[in-house]
Amino acid sequence: MSGKANKFGVWDVLGRVWAVWAILIFVITMLVFMIPFLLFCYFRSDPEKTNWFTRYSRVWMAVFLPLAGCPLRIKGKEKFVKGNAYIVVCNHNALIDVPVTSPGIPGGNKTIAKIEMARTPLFGMMYRTGSVLVDRKSETSRRDSFIKMKEALDMGLHMCIYPEGTRNKTAEPLKAFHDGAFRLSLSTGKEIVPAVIFHSREIMPAEKPFYLRPHRLAMHFLDPIAPQPGDTVESLKQKVFVLMRDYYLHPGQKA
């Protein structure tokens, strides 16, 4: 018991130190990444702009994540058919999920994201490029974001959505899903690709602020789910929720 307590005590300190290291590496690699981003990406128009940004982000995260002690392994990329645009829905347990999803999704994609982060200097420029921004306090902004997500799909870009809305800080595998991703699928006819991220809770536990513990990350894409005649937002949402919850609890069964 004392050994476990000592080990926990050590990592209680080291986790904060490692968080500082990760932030430092993130900032340094971001500043390096800003050079090609501004020269070759920022002033393009969509969808070319987002496609280039996704490629650069993939290289950036291939450097940052291993240096942060969180290398990423992806399974199920073959689920994406070239030329098809998908709605990718991901579970969300920690902030580390954000730099995993967009670079991890095959092909250009945008993420529905809160507008506050776009005001961050420098980083905000990249954040805007890879996102459909929404002010959750504004009904007008929420309506506009839905239109912009449809436009992104029409351009051939994937849309990445966290249907839980915010980070899951509960003891449950998933929080209840919001309707947006499933309403978007029914409205556009686009297939949903469920994506399950593993180990981000171990890396950034909800109960420990400013903490990061090195651990391998995994992101598994599951079989696409096409909206069927007679499907409702609720039935489609429940279908995807059960699939993702069961896979999270028993990974590897239907990758």
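1. Let me start with helix α5 in this predicted model. Ser141, Ser145, Phe146, Met149, Ala152 and Leu153 are the buried residues there. They span an arc of only 145° around the axis, which means that they sit on the same side of α5. An α-helix has 3.6 residues a turn, so residues three or four places apart point the same way.

2. What lies over that side? The cover on the buried residues of α5 includes the strands β2 (87-90), β3 (109-114), β4 (131-134) and β5 (158-161), along with α6 (180-188). For Phe146, look also at Arg183, whose charged end sits over the Phe146 ring at 4.2 Å from its centre.

3. The length of α5 makes a handy check. The helix has 16 residues (139-154), and at 1.5 Å a residue it should span 22 Å; its end C-alpha atoms are 23 Å apart, so the two values agree.

4. Both ends of α5 deserve a glance. At the N-terminal end, Ser138 acts as the cap, with a side-chain oxygen 3.4 Å from the backbone nitrogen of Thr140. After the helix comes Gly156, and its phi is positive, near 95°.

5. Now to the aromatic rings, which give a count of 18 aromatic pairs. One of them is Phe26 with Trp60, a tilted pair at 5.2 Å centre to centre and with 40° between the planes. This pair links distant parts of the chain, as Phe26 belongs to helix α1 (residues 2-40) and Trp60 to helix α2 (residues 48-67), 34 residues apart. Is each ring buried or partly exposed? Phe26 is partly exposed, at a relative accessible area of 23%, while Trp60 is buried, at 8%.

6. The pair of Trp52 and Tyr56 is tilted too, because the ring centres are 5.8 Å apart and the planes meet at 35°, an angle that is neither under 30 degrees nor over 60. Trp52 and Tyr56 are 4 residues apart in helix α2, so about one helical turn separates them. Trp52 is partly exposed, with a relative accessible area of 29%, whereas Tyr56 counts as buried at 17% because the cut-off is under 20%.

7. Trp52 has a charged companion as well: the charged end of Arg55 sits over the Trp52 ring, 5.0 Å from its centre.

8. Finally, which residues make up the aromatic cluster? Phe26, Phe33, Phe37, Tyr42, Phe43, Trp52, Phe53, Tyr56, Trp60, Phe64, Phe123 and Tyr127 form one cluster. Both pairs described above have their residues among its members.

How values were computed: Residues numbered from 1 in each chain as written. Predicted model: local features only at pLDDT ≥ 70, side-chain atom pairs only at ≥ 80, totals over all residues. Heavy atoms only, no water. Helix = DSSP H or I, 4+ residues; strand = E, 2+ residues; numbered from the N terminus. Expected span 1.5 Å × (residues − 1). Buried < 20%, exposed > 50% of the residue type's maximum accessible area, 1.4 Å probe, protein only. Arc of directions from axis to C-beta. Contact = heavy atoms within 4.5 Å. Polar contact = N/O pair within 3.5 Å; in protein donor to acceptor, adjacent residues only side chain to side chain. Phe/Tyr/Trp six-rings, centres within 6.5 Å; stacked < 30°, edge-to-face > 60°. Lys NZ or Arg CZ within 6 Å of the ring centre and 35° of its normal.
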